[in-house]
Amino acid sequence: MKHAIITLLLIFSLIGCSSATDGNEESKSFETRQDAIEYGLELEDIEKDDILDTMSLEDQEIVLFQFSEQEGEGITLAELTKQDGEFQWKRSIQRVVLKSEDPSIGNLNVETTFEMSSGKEYALYLGVADEEGMTIETDIGEVTPTTTNGMYYYLQS
């Protein structure tokens, strides 16, 4: 039941959230990883300092980044893929505003899954951090997520 409620909240939030890109952006390939990242920064309308973390999953690189827009702030992720020696930036999930001063939006904690280009799925937990060192409940038990700027994230592989 808990997962159904969280899933419904995520669906409603995705419908209501705006994004810098609408998922229909042209896929572009680059000779270097850095060129793909610079393209992603421009595409997502973020700065290099907005990149929170990069991690390797299945020989692919995941880039977690924060964003700010009129409605509030959030965290999302993109995948840096490498195929035939070229790199691409692909956002893996839509932007979700997690923290907002607007009472009609408020604050949100979500659990979602995303699929790598290989087809394997991973769980991602995002939300508003109550305090440093806080814990959240996941499918594998209680964990301490990474917190930044009043928000948290945890990637479960």
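Contact here means that heavy atoms lie within 4.5 Å of each other. With that in mind, and remembering that this is a predicted model, select L124 as the starting point of the tour. Leaving aside neighbours within four places in sequence, L124 is in contact with L64, L77, I93, V110, E111, T112, F114, Y154 and L155.

Now widen the selection to the core around this residue. The largest nonpolar core has 18 residues, and L124 is, with F114 and L126, one of those that touch the most other members. At least two residues of this core come from each of β2 (60–69), β3, β6 (110–115), β7 (121–128) and β11 (151–156). Another core, of 15 residues, lies apart from it and includes Y39, V63, F65 and F67. In soluble globular proteins, nonpolar side chains tend to be buried together.

Next, select β3, which spans residues 72–83. Of its 12 residues 9 are buried, so β3 is largely enclosed by the rest of the structure. Follow the strand's partners one by one:

- β2 runs antiparallel to β3 and is joined to it by 9 bridges, while a hairpin connects the two through 2 residues; to see one pairing, select L64, which stands opposite L77 in β3.
- β4, residues 86–91, pairs with β3 in the antiparallel sense over 6 bridges, and here A78 stands opposite R91. In the hairpin of β3 and β4, with 2 residues between the strands, D84 takes a positive phi near 55°.
- β5, residues 97–99, also pairs with β3 in the antiparallel sense, over 2 bridges, and V97 in β5 is the bridge partner of G74.

Within β3, stop at T76. Is T76 buried or exposed? Its relative accessible area is 0%, and because anything under 20% counts as buried, T76 is buried. A polar atom of the T76 side chain lies 3.2 Å from the backbone oxygen of I93. Not counting residues up to four places away in sequence, T76 touches V63, L64, F65, F67, R91, I93, Q94 and R95.

Finally, move to K28, in the loop between α1 (2–16) and α2 (33–44). With a relative accessibility of 36%, K28 counts as partly exposed. Which residues does K28 contact, once its neighbours within four places in sequence are left aside? They are Y39, F87 and Q88. Between K28 and Y39 there are 8.7 Å in space, C-alpha to C-alpha, although the two are 11 residues apart in sequence. Selecting Y39 ends the tour at a member of the core of 15 residues mentioned earlier.

Methods: Residues numbered from 1 in each chain as written. Predicted model: local features only at pLDDT ≥ 70, side-chain atom pairs only at ≥ 80, totals over all residues. Heavy atoms only, no water. Helix = DSSP H or I, 4+ residues; strand = E, 2+ residues; numbered from the N terminus. Buried < 20%, exposed > 50% of the residue type's maximum accessible area, 1.4 Å probe, protein only. Polar contact = N/O pair within 3.5 Å; in protein donor to acceptor, adjacent residues only side chain to side chain. Core = buried A, V, L, I, M, F, W, Y, C linked by side-chain atoms within 4.5 Å. Pairing = 2+ DSSP bridges.
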